[in-house]
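Trainee: I am new to this structure. Please pick one part, look at it closely, and then follow its surroundings outward.

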Amino acid sequence: MTTPGSSSMRNNMLPPGLVSNLQDVLNKKKPNIPPIQHDDDNNNKSNNTKVEEDESTVQSSSSSSATDDFDPSKPVIFVTNSEGIASPGLTSLVEALVTEGLYNVAVCAPQLDKSFSGHSFTHQESISVSTAEIKGATAYEVTGTPVDCVSLALSGSLFAWSKPLMVIVGVNKGPSCGHDMFSSSAVAGARQALISGVPSLSVSLNWKKSESQESHFKDAVSVCLPLIKAAIRDVEKGAFPKSSSLHITVPTLPTENKGFKLTKQSLWRSKPIWQAIAANRNPSAARFMANQPAMGLQLAQLGRDASAAGAARRLNSQKKSLEIVESVGVSGKVDLTRTVKYFRLEFQDSNQEETDENLDFRALENGFVSVTPISVSQLIEPDIEKAASEWISDAI
């Protein structure tokens, strides 16, 4: 049996077996074309049943593993960050909390770098959640944003516990001062916890390419750990400010800091620079897709519609447990006659004229650890600032 487009698919450079498999799937997706029948259809049905059983087993095993090391006598501290689960900032923070031996440490962090994603959720698309190996912690990596991670963790769908004592986001690479807090996915993660009624902290390191080293993340954790422990202690006592989150930014050289300083959010912002990117930066892919526009669109649609079972099989083959958070993907129409241009966003520091020494970026420039109260509202009310100021003074 032949179908429209099958001859052109045979002429491309893809392996014949892969082309055949893709064509079968595409045929099954067309409403008025009967799918190609194979002798092993019954075997496929059997395999699909087995996959569903495997998914059930995977989810069951991941849920049970999450409770293996859980100590109900210890509070739960939930950790995420914006650079990804393998980032040195997150691993340094988790290691320090685990070493304390006082907490159940839970981690749910992005699989990849999601910096500057702001307060964004992954909507109308599925995200995969797979177990991750972090010594002393129950950990998952997510194909979503930090806000997704916090929201999912607090939903009760992933962890055995119902609510953590505190959410900590960090240690994140680069400062989030002034207006940059609105685009910071680290601050957004802490804000999402606050919206959900859970006290939170976010921690950032003022990373500079010319001066910073990976070991500075561990130094930043050492500097902030007393404040973190004080916050956890006072949350348990009910003495931590309930109306605000605290954003902590550590100077470039953490061990040379001049101490903690309560700061106000400034008007500082980095300047967005959009660089035009040539369309032929990836010529091999461009040539193939240019010659196969229909195939490209169909493959893109298949990618959007990839099943949870397929994701489970892939990750399970890597010896990872997997859970799928389901939603329906929506694909837009593509007009092949339109001109396409490519741009890449970079950020550049800009000069600021504000001179108040109590502003976040000024304190950081002067060598202090900046501690800025963050409210759900855009403006910090005087009573919130006063409460946070009193608590920080007592804590440090």
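Mentor: We start with the whole chain, settle on one strand, and then move on to a few other places.

This is a predicted model, where local features need pLDDT of at least 70 and side-chain atom pairs count only at pLDDT 80 or more, while totals for chains, interfaces and linings use all residues. Residues are numbered from 1 along each chain as its sequence is written, and side-chain values use heavy atoms, with hydrogens and water left out.

First, the setting. The chain's secondary structure comes to twelve helices and twelve strands. These are DSSP runs, numbered from the N terminus: helices are H or I with at least four residues, strands are E with at least two. Of the 396 residues in the chain, 42% are buried. Buried means under 20% relative accessible area, exposed means over 50%, and partly exposed lies in between, with a 1.4 Å probe and protein chains only. The chain exposes about 21500 Å², and carbon and sulfur atoms supply 50% of that. Such areas come from the Shrake-Rupley method with a 1.4 Å probe, and for residues only the protein chains shown count as cover. Contacts mean heavy atoms within 4.5 Å. Take the contacts in the chain between residues at least 6 apart in sequence: 82% of them join residues at least 24 apart.

Now the part to watch: strand E2, residues 104-110. Seven of its seven residues are buried, so the strand is mostly covered. Strand E1, residues 76-80, pairs with E2 in the parallel sense over four bridges. Strands pair if DSSP finds at least two bridges between them. One bridge sets Ile-77 against its partner Val-105 in E2. To get from E1 to E2, the chain passes through helix H4, residues 88-100, and this β-α-β crossover is right-handed. Right-handed means that, with the strands pointing away from the viewer, the path from the first strand over the helix to the second runs clockwise.

E2 also pairs with strand E4, residues 137-142, in the parallel sense, over six bridges. Here Cys-108 stands opposite Tyr-140 in E4. Both residues lead somewhere.

Follow the cysteine first. Cys-108 has a relative accessibility of 0%, so it counts as buried. The structure holds zero disulfides; a disulfide is a pair of cysteine sulfur atoms within 2.5 Å. The nearest cysteine sulfur to that of Cys-108 belongs to Cys-149, 4.2 Å away, and Cys-108 is in no disulfide. Cys-149 is in no disulfide either. Cys-149 is buried too, because its relative accessible area is 0%.

Now the tyrosine. Tyr-140 is buried at 2% relative accessible area. The structure holds six aromatic pairs. Rings of Phe, Tyr and Trp (its six-membered ring) pair if their centres lie within 6.5 Å; planes under 30 degrees apart count as stacked, over 60 as edge-to-face and the rest as tilted. Tyr-140 and Phe-159 have ring centres 5.4 Å apart and planes at 80°, so their pair is edge-to-face. Tyr-140 lies in E4, while Phe-159 lies in the loop between helix H5 (146-154) and strand E5 (166-173), so the pair ties together parts that are 19 residues apart in sequence. Phe-159 counts as buried, at 6% relative accessibility. Its ring is also paired with that of Trp-161: the centres are 4.6 Å apart and the planes at 10°, so this pair is stacked. Trp-161 has 9% relative accessibility and counts as buried. Phe-78, Tyr-140, Phe-159 and Trp-161 form one aromatic cluster.

Next, strand E5. Val-171 has its place there. A cis peptide bond joins Gly-170 and Val-171, with omega about -5°. Most peptide bonds are trans.

E5 is one of the elements against which the buried residues of helix H6 pack; H5, strand E6 (200-205), strand E7 (244-250) and strand E12 (369-375) are the others. Helix H6 spans residues 185-195, and ten of its eleven residues are buried, so it is largely enclosed by the rest of the structure. Among the buried ones are Ser-185, Arg-191 and Gln-192.

We end in E12, where Val-369 is found. Val-369 is buried, at 0% relative accessible area. Leaving aside neighbours within four places in sequence, Val-369 is in contact with residues including Val-223, Ile-248, Asn-257 and Phe-260. Val-369 and Leu-262 are 107 residues apart in sequence, yet 8.5 Å apart in space, C-alpha to C-alpha.
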